[in-house]
Amino acid sequence: MSKNHLPQFEKSYLYPKHWGFWLAVGLFWLILCLPYPVLRKIGLGLGWLFSKLSVGKRRAKIARRNLELAFPQMPETEREKILQENLQSVGMAIIETGMAWFWSDRRIKKWSTIEGIEHLKNHAKDGIILVGVHFLTLEIGARIVGIEHQGVGVYRPNDNPIFNWLQVWGRLRSNKDMVDRKDLRSMIRALKHGETIWYAPDHDYGRKNAVFVPFFGVKDAGTTSGTSYLLRSSPNSKVVPFAPLRKADGSGYHVSISPAVDFSDLDNATDIAIRMNQVVEKEIMKGVSQYMWLHRRFKTRPDAHSPSLYD
């Protein structure tokens, strides 16, 4: 599979003005050489530090509101406990991204387990829409799965060309290829060739190409209609969800891959989005505190003039 469309390394990236960036990458790599139990402590410490910074406090406010909207019947004390664990997970996500990009396969395997890989192997020729919801562990989870079953990653290009090259380089440790998240044609082409596409339909991507359907406690959450487009264009593809979770005892990670979900009885974007949100909810409930609640999931309202849920 040709990767000529991906960002290429440029000699200019080695110019002196970029030496600070490469020094930071080198220091990060050295930190990643530390034993995993030490990295875990560093990650949790970074999460604590994040929660004390102004940006962390702003994000915590968003996450608290998301949990309130998603679980209105849950006691506030329980939601607050989830929030604090979630903020710690932010720091771990930084460390886990480095692990995913720089660790060897041997080291990844040492600290991870995976179940349900047969759900990918059994449909290897059909084309698979691998539903990887936005857990904070998604980068390390993708690497764990990629060792056993490589797919085509979907990503958002970064404005910084050097970091953009680095993130693609790192994610190619897990994937055969990478495509821009807006490039639906390339996704469909890959599915028709029997490839596995990483797909995250759980964020609020704005009003364009969205339908408003239930998601947890919000009855009219803006949800991408892209799932129906992919299924219509590649009707033989299988939808397979997975959840990559950090083990509570500090012994690493466990990835659970669920059986394929049948969408064949549905033929319109709204019903497909409803079922997909149900799939996403089921996966999130496996590790609520590790989900990316810091994103304004319910920012787009059915009526553009309706007041924001975050005011």
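In the predicted model, a positive surface patch is formed by Arg-58, Arg-59, Arg-296 and Lys-299. One of these residues, Arg-59, is placed in helix 3, which spans residues 54–70. The relative accessibility of Arg-59 is 36%, and Arg-59 is therefore classed as partly exposed, since this class lies between the cut-offs of 20% and 50%.

A second surface patch is nonpolar and covers about 430 Å². Its members are Leu-23, Leu-27, Trp-29 and Leu-30. Of these, Leu-30 is found in helix 1, formed by residues 19–32. Val-25 is also found in helix 1. With a relative accessibility of 15%, Val-25 counts as buried, because the limit for that class is under 20%. The C-alpha atom of Val-25 is separated by 15 Å from that of Val-168, although the two residues are 143 positions apart along the chain.

An unreviewed UniProt entry lists residues 20–39 as a "transmembrane region". In the model, the chain over residues 20–39 is 85% helix and 0% strand. The C-alpha atoms at the two ends of this segment are 23 Å apart.

Helix 7 comprises residues 138–148, and 8 of its 11 residues are buried, so this helix is largely enclosed by the rest of the structure. The buried residues in helix 7 are Glu-139, Ile-140, Gly-141, Ala-142, Arg-143, Ile-144, Val-145 and Gly-146.

A search of the whole structure yields 11 salt bridges. Among them is a contact between the side chains of Arg-64 and Glu-80, with an N to O distance of 3.0 Å. Arg-64 belongs to helix 3 and Glu-80 to helix 4 (residues 76–102), so this pair ties together parts of the chain that are 16 residues apart in sequence. Both partners are partly exposed: the relative accessible area is 39% for Arg-64 and 26% for Glu-80.

Another salt bridge joins the side chains of Glu-139 and Arg-171, at an N to O distance of 2.4 Å. This pair links distant parts of the chain, with Glu-139 in helix 7 and Arg-171 in helix 8 (residues 161–171), 32 residues apart. Glu-139 has a relative accessibility of 18% and therefore counts as buried, the cut-off being under 20%. Glu-139 thus appears both among the buried residues of helix 7 and as a salt-bridge partner of Arg-171.

A further salt bridge is formed by Lys-176 and Glu-195, whose closest N and O atoms are 2.9 Å apart. Lys-176 lies in strand 4 (residues 175–180), whereas Glu-195 occupies the loop between helix 9 (184–192) and strand 5 (196–199); the pair therefore ties together parts that are 19 residues apart in sequence. The two partners fall into separate accessibility classes: Lys-176 is partly exposed, with a relative accessible area of 32%, while Glu-195 counts as buried at 12% relative accessibility.

Technical notes
Residues are numbered from 1 along each chain as its sequence is written. This is a predicted model: local features need pLDDT of at least 70, side-chain atom pairs count only at pLDDT 80 or more; totals for chains, interfaces and linings use all residues. Side-chain values use heavy atoms; hydrogens and water are left out. Patches are made of residues with over 30% relative accessible area and no salt bridge: like charges are joined within 9 Å, nonpolar side chains (Val, Leu, Ile, Met, Phe, Trp, Tyr) within 5 Å. Accessible areas come from the Shrake-Rupley method with a 1.4 Å probe; for residues, only the protein chains shown count as cover. A salt bridge is a side-chain nitrogen of Lys or Arg within 4 Å of a carboxyl oxygen of Asp or Glu. Lys and Arg count as positive and Asp and Glu as negative; His and the chain ends are not counted. The place of a charge is taken as NZ of Lys, CZ of Arg, CG of Asp or CD of Glu. Helices (H or I, at least four residues) and strands (E, at least two) are DSSP runs, numbered from the N terminus. Buried means under 20% relative accessible area, exposed over 50%, partly exposed in between (1.4 Å probe, protein chains only). UniProt positions are given in the numbering used here, feature names are shortened, and annotations may be inferred rather than shown by experiment.
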